[in-house]
Amino acid sequence: MPFPVFGRLRSHEYYAIVIGFVFIAVETFLTTIISILPKPVIQWFYYRSRSLFHLVVGPPKPKTEEERVADRIRRARDFEKLCEIFGYAFEEHVIQTKDGYLLGLHRLCVKRGEERQRMGISTGKPVVYLHHGLLMNSEVWVCLTDAQRCLPFTLVELGFDVWLGNNRGNKYSKKSIHYDPNSLKFWNYSIDDFAWHDIPDSIEYILHVTKEESLSYIGFSQGSAQAFAALSIHPVLNERINVFIALAPAMSPAGLAAPLVDGLMKASPTLLFLIFGRKAILSSAHGWQSILYPPVFSAVINNSLRWLFNWHNHNISATQKHAAYAHLYSFASVKSIVHWFQIMRNGKFQMYDDDVQTLALARRSQRVSGVSSYAPARFPTRNIVTPIVLLYGTSDSLVDIKQMTRELPSHTIAIPLEGYEHLDVIWGKDVDEDVIPNVVQALRTHCARPERLEREIKVNGLSAVSDLGYTTPADSTNEM
């Protein structure tokens, strides 16, 4: 069915389609131009955007120590450089999923300043696995401006063996033994594939290396959705995960704050294929970042998040945004976004629906008979046995906690974070007081052999972690 939207949209929605195509055409043209421009020309645009910014807001002021650290974080090109800023050593691992994708894993198992003689072996410590959200990679966990707010660094100091995963297709997992990343087949994946392969295969590898029987799972946003899905369809995985902590959990969001975009995508999620194609979505983001002055780029991101999700991010400082927004985007398939709009449209946490034509016919039949003849398969999330702890923001437009808890087992614990939005849960200015203590408490309660953890570090307030005396060497470059 080449044009599934015809006959199902209103006149203003067709107008939105035209606008969407014009936007994508202009973006594609500009992205192509940016890709062939020499570096001096790109720098010229960058400096012009900087001059325009300071013309509007005033001349630059001397930078504080935190702002200089934020600059270093923003310019860090990868996970390794981000860890170096705070003096942490890390390991890189690569796993092969059962369907042939190569996924990058990052491991933090040594405290700050300590040395380890042998890499890639068991440490004898409790294991924690962290997984990022949609359009992200493992860098989002370690791009905070101070270490005491950084969850992975805190867990390492407490005595955990910390692993950070990456989805197929993103910055650290853009390879397959079967498909070239420039091919359509490489990007033909949805949340189903994360649940069937990426999550269980990553956990199997980690437990094999660490010689542990189970690990603790922390997922942010889509990283939590992937765990909900994986645990619901892999009963044995419930024995491998001793606790599942979902930060800003995602399961069946109500929709977007922008009515036109929300209505259009729910009416026909596959419209995204017509606009963006069938490979990676928003692959031009890095090009725009290279020519825009960081405060200008931050303003673009802020306005986009406000328009799409009604997030104002007041709990995230401007300095933190400056540091972290540069690490916010990573590659993801258009199909995975389509999957989310299918979930939003049906109000069900379901598997990807390939049979769009059958669904359209079933809907017409339902309007006549009142009974549906077709229903996409749901993820059976009520079957999850693993203990579940939800930490959600009360101002997060993507979390309907009542609907979510109805679809989860009765042993689920939900902890509200007053006034928090979505990204606040990992980057907020007070996560060391509001979020991390709850995470640590859940880990201490459920992780394997908690007596191995540091006993002197208090859970409430994490006072000993706060007193570690982190000092970050400032870069000699003072960019204005």
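Student: Why is Lys211 called exposed?

Tutor: The relative accessible area of Lys211 is 62%. The cut-offs are under 20% for buried, over 50% for exposed and partly exposed in between, with a 1.4 Å probe and protein chains only. Since 62% lies over 50%, Lys211 counts as exposed.

Student: Before we go on, what kind of model is this, and how are its residues numbered?

Tutor: It is a predicted model, in which local features need pLDDT of at least 70, side-chain atom pairs count only at pLDDT 80 or more, and totals for chains, interfaces and linings use all residues. Residues are numbered from 1 along each chain as its sequence is written, and side-chain values use heavy atoms, with hydrogens and water left out.

Student: Where is Lys211, and what phi does Lys211 take?

Tutor: Lys211 sits in the loop between helix 6 (191-210) and strand 5 (215-220). Its phi is positive, about 65 degrees, although Lys211 is not a glycine. Arg449, also not a glycine, has a positive phi of about 50 degrees; Arg449 belongs to the loop between helix 19 (436-446) and helix 20 (463-466).

Student: What makes a stretch a helix or a strand here?

Tutor: Both are DSSP runs, numbered from the N terminus: H or I over at least four residues for a helix, E over at least two for a strand. The protein chain has 20 helices and eight strands.

Student: How do you know that Asp201 is buried?

Tutor: Asp201 has a relative accessible area of 7%, and because 7% is under the cut-off, the residue is buried. Asp201 is in helix 6. Leaving aside neighbours within four places in sequence, Asp201 is in contact (heavy atoms within 4.5 Å) with Ile95, Thr97 and Lys98.

Student: And why does Ser298 count as buried?

Tutor: Its relative accessibility is 9%, so Ser298 also falls under the cut-off. Ser298 is part of helix 12 (residues 294-309). With neighbours within four places in sequence left aside, Ser298 touches Lys321, His322 and Tyr325.

Student: What makes helix 5 (residues 151-158) a mostly covered helix?

Tutor: Eight of its eight residues are buried; among them are Phe153, Thr154, Leu155 and Glu157. Pro152, in helix 5, has 0% relative accessibility and therefore counts as buried. Leaving aside neighbours within four places in sequence, Pro152 has contacts with Leu108, Leu130, Trp141, Val142, Val162 and Leu164. The C-alpha atoms of Pro152 and Trp163, 11 residues apart along the chain, are separated by 8.5 Å. Just after helix 5, Gly159 has a positive phi of about 110 degrees.

Student: How do you know whether the length of helix 14 (residues 334-346) agrees or disagrees with its residue count?

Tutor: The expected span is 1.5 Å times one less than the number of residues. For the 13 residues of helix 14 that gives 18 Å, and the end C-alpha atoms are 19 Å apart, which agrees. Helix 14 is mostly covered, with 12 of its 13 residues buried, including Lys335, His339, Trp340 and Arg345. Gly347, just after helix 14, takes a positive phi of about 65 degrees.

Student: Why is helix 6 called roughly perpendicular to helix 7?

Tutor: Helix 6 and helix 7 (residues 222-233) pack at about 80 degrees, with axes 8 Å apart. Angles under 35 degrees count as roughly parallel, over 145 as roughly antiparallel, 65 to 115 as roughly perpendicular and the rest as oblique, so helix 6 is roughly perpendicular to helix 7. The contact includes Phe194, Trp196 and Ile199 of helix 6 and Gln226, Ala229 and Ile233 of helix 7.

Student: What makes a group of residues a nonpolar core?

Tutor: It is a set of buried Ala, Val, Leu, Ile, Met, Phe, Trp, Tyr and Cys residues joined through side-chain atoms within 4.5 Å. The largest has 80 residues, and those with the most contacts inside it include Leu108, Trp141, Ile218 and Trp427. A second, separate core of 49 residues includes Val127, Phe349, Met351 and Leu390.

Student: How confident is the predictor in the chain?

Tutor: The mean pLDDT, a per-residue confidence from 0 to 100, is 85, and 77% of residues reach 70 or more. Over residues 1-6 the pLDDT is below 50, and residues 456-480 are also below 50. Where pLDDT is low, the predicted coordinates should not be read in detail.

How values were computed. Axes are lines fitted to C-alpha atoms, for helices over the stretch in contact, and angles run from 0 to 180 degrees between N-to-C directions.
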